[in-house]
Amino acid sequence: MLEFDALKYAYPSHRNVVYASKGMACSTSPLASNVGIEIMKKGGNAIDAALAMAATMPLVEPTSNGLGSDCFVLVWTGGKLYGLNGSGVAPLALSADKVKALGYEAVPDDGWLPTMVPGMPSAWAELRKRFGRLSFEEIMAPAIQYAEEGFNIQVNVYKLWKKAIERYTKAAAKEPEVFAPWLELFTDKGKMFPMGSLVKNPDYANTLRELAATDCESYYRGDIMRKIVAFSEKTGGYFQASDFENYRAQWVEPISTNYRGYDVYEIPPNGHGITVLMALNILRGLELPKERENVEMYHKVIEAIKLAFADTKTFVADPRYMKTKVEDMLSERYAAVRRQLIGHEALLPEAGDPSCGGTVYFCTADGEGNMVSFIQSNYKGFGSGVVIPGTGICLQDRGANFSLDPASDNYLEGGKKSYHTIIPGFLAKDGKPIGPFGVMGAFMQPQGQVEVLVNTIDYHMNPQEALDAPRIQWTSAKNIQLEREVAPHIAQELANRGHNVEILNANTSMGRGQIIWRLEDGTLCGGTEPRADGSIAVW
């Protein structure tokens with residue numbers, strides 16, 4: 001299994017790895033992590049705990065997810081790994097031509113155009129029904145209590161929340177009917193709440209009660225759905241009742257690759273977890289230096305990531321519309337072709353031909369062997385900025401990832417899923433689970449996952465050290481971002497190889513991850529993100 005030294009820290013951190021035996025819950029919210037353990041202590045399993053955290057996160061971290069989000073889940077239970085795709089679909093009344101007719105060259109981030117039927121509540125219901133032990137009333141009780149009695153705004157949430165107010169204040173000035181409810185719900189009379197202040201959201205509590213009482217059916221075939229559709233019709237949206245009535249989250253078979261003896265699992269497209277697997281396929285045929293802090297490590301990881309991204313940004317879409325086969329994208333033959341392109345100099349990435357051969361992430365584990373890798377997201381911060389009055393629901397803007405190019409597999413059409421950036425990960429070896437991991441943050445997600453896995457498998461880092469290590473991010477063409485902790489000589493050598501290097505002084509865009517590994521004796525070992533308000537709760 002994994003080998004690492006729990007006392008070794010190559011990078012500055014105020015956190016140690018955390019051990020437990022009965023249960024562990026990791027998230028970016030101390031409150032949500034505590035909720036997960038609270039549910040386990042009340043008799044719930046890791047799945048119940050994850051659902052309780054999922055119900056809490058939109059309340060305490062609305063800057064990343066909401067009751068109008070999508071989600072993806074990987075669940076290890078009963079000796080098997082299961083995948084659940086909770087991504088929504090575009091309204092049937094919406095089309096690329098309608099977006100273009102409004103003068104847009106791309107789907108915007110705000111307003112009704114990027115909103116899609118949220119998949120998250122349906123996924124919650126599917127997950128509880130299949131693997132949960134407790135009722136939704138029990139699972140959602142902590143989140144309901146915090147919504148009514150109040151929760152404190154944490155430091156990083158405060159920063160993102162304050163920044164979002166400017167965005168939606170401008171939007172409300174142009175379309176007050178659409179965006180005024182956002183200002184009413186998420187500001188104190190147009191201003192930001194003080195950091196650390198106690199904030200209540202009774203509308204959120206009432207909506208959770210309705211979801212619990214109806215097993216989330218109300219969201220798609222009941223009163224909540226009718227409120228969403230009515231506000232859409234009133235303010236220029238595209239939703240109709242049938243968009244919700246015909247939707248259900250889907251169970252899917254996870255996809256995987258083997259990297260140096262370890263099996264890495266992801267959700268299949270329309271998510272871009274396949275980017276991680278393709279990059280690892282390229283890297284496994286390359287020799288990395290013995291020491292991580294070496295320009296060769298940075299260069300090869302960057303090149304593998306950008307080649308994988310060039311392909312997935314071109315080919316990944318709703319699987320019903322993809323012309324390129326997943327098995328071709330993951331074939332060793334194709335990985336070898338892409339691997340040969342990596343040399344001493346930075347590449348200008350272009351998609352190949354595989355047929356030749358934005359978010360909150362959290363994870364749980366219990367003493368019975370159940371483990372959950374869970375991610376849910378609005379996409380861009382608070383999402384579309386469309387809040388359904390009286391519900392606490394803020395709708396995601398996942399439609400912004402659609403293409404308006406008719407030649408693209410990801411072309412916007414009603415009833416279609418968009419290319420999706422959120423990806424839960426899971427690691428196993430020889431058929432035995434090691435555990436859930438993830439790094440949230442839009443297009444940083446697969447990059448962060450690759451870096452964490454290289455840190456873990458190639459450099460034998462413990463979970464906390466793997467998360468603490470300085471990160472790199474490819475953004476476009478030959479452009480890369482480095483955290484300021486990367487050694488100056490490495491940044492200079494990368495520039496000498498043709499990379500356009502930007503040094504970041506703020507690391508909020510470099511991903512936020514969580515890890516739980518189960519050791520051979522069954523002990524749980526976890527790490528949490530130093531770039532966020534991360535917290536691990538244990539039992």
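Here are legends for four close-up views of this predicted model.

**View 1. The largest nonpolar core and the helix that gives most to it.** This core counts 119 residues. Trp124, Met140, Trp161, Trp182, Leu208 and Phe374 have the most contacts inside it. Helix α2, spanning residues 46–60, supplies the largest share, with 12 residues. Apart from this core sits another one, made up of 61 residues, including Leu288, Ile434, Met461 and Val486.

**View 2. Trp161 and what it touches.** Leaving aside residues up to four places away in sequence, Trp161 touches Phe151, Ile153, Phe186, Phe193 and Phe382, plus Met192, Pro62 and Thr63. Trp161 is also one of the residues with the most contacts inside the largest nonpolar core.

**View 3. Helix α1 against helix α2.** Helix α1 (residues 30–41) packs on α2 at an angle of about 150°, and the two axes are 8 Å apart. Angles over 145 degrees count as roughly antiparallel, so that's the label for α1 and α2. Their crossing is right-handed. On the α1 side, the contact uses Leu31, Ala32, Ser33, Val35, Gly36, Ile39 and Met40; α2 brings Ala46, Asp48, Ala49, Ala52, Met53, Thr56, Met57 and Val60. By type, that's 11 nonpolar residues, 3 polar and 1 charged.

**View 4. Helix α13 crossing helix α16.** Here α13 (residues 295–315) and α16 (residues 445–458) cross at roughly 140°, their axes coming within 11 Å. This crossing is right-handed. Val301, Ile305 and Phe309 of α13 meet Pro446, Gln447, Val450 and Glu451 of α16. The contact splits into 5 nonpolar residues, 1 polar and 1 charged.

Notes. Residues are numbered from 1 along each chain as its sequence is written. This is a predicted model: local features need pLDDT of at least 70, side-chain atom pairs count only at pLDDT 80 or more; totals for chains, interfaces and linings use all residues. Side-chain values use heavy atoms; hydrogens and water are left out. A nonpolar core is a set of buried Ala, Val, Leu, Ile, Met, Phe, Trp, Tyr and Cys residues joined through side-chain atoms within 4.5 Å. Buried means under 20% relative accessible area, exposed over 50%, partly exposed in between (1.4 Å probe, protein chains only). Helices (H or I, at least four residues) and strands (E, at least two) are DSSP runs, numbered from the N terminus. Contact means heavy atoms within 4.5 Å. Axes are lines fitted to C-alpha atoms, for helices over the stretch in contact, and angles run from 0 to 180 degrees between N-to-C directions. Angles under 35 degrees count as roughly parallel, over 145 as roughly antiparallel, 65 to 115 as roughly perpendicular and the rest as oblique. A crossing is left-handed if the near helix is turned anticlockwise from the far one by less than a right angle, and right-handed if clockwise. Ala, Val, Leu, Ile, Met, Phe, Trp, Tyr, Cys and Pro count as nonpolar, Asp, Glu, Lys and Arg as charged, and the others, Gly among them, as polar.
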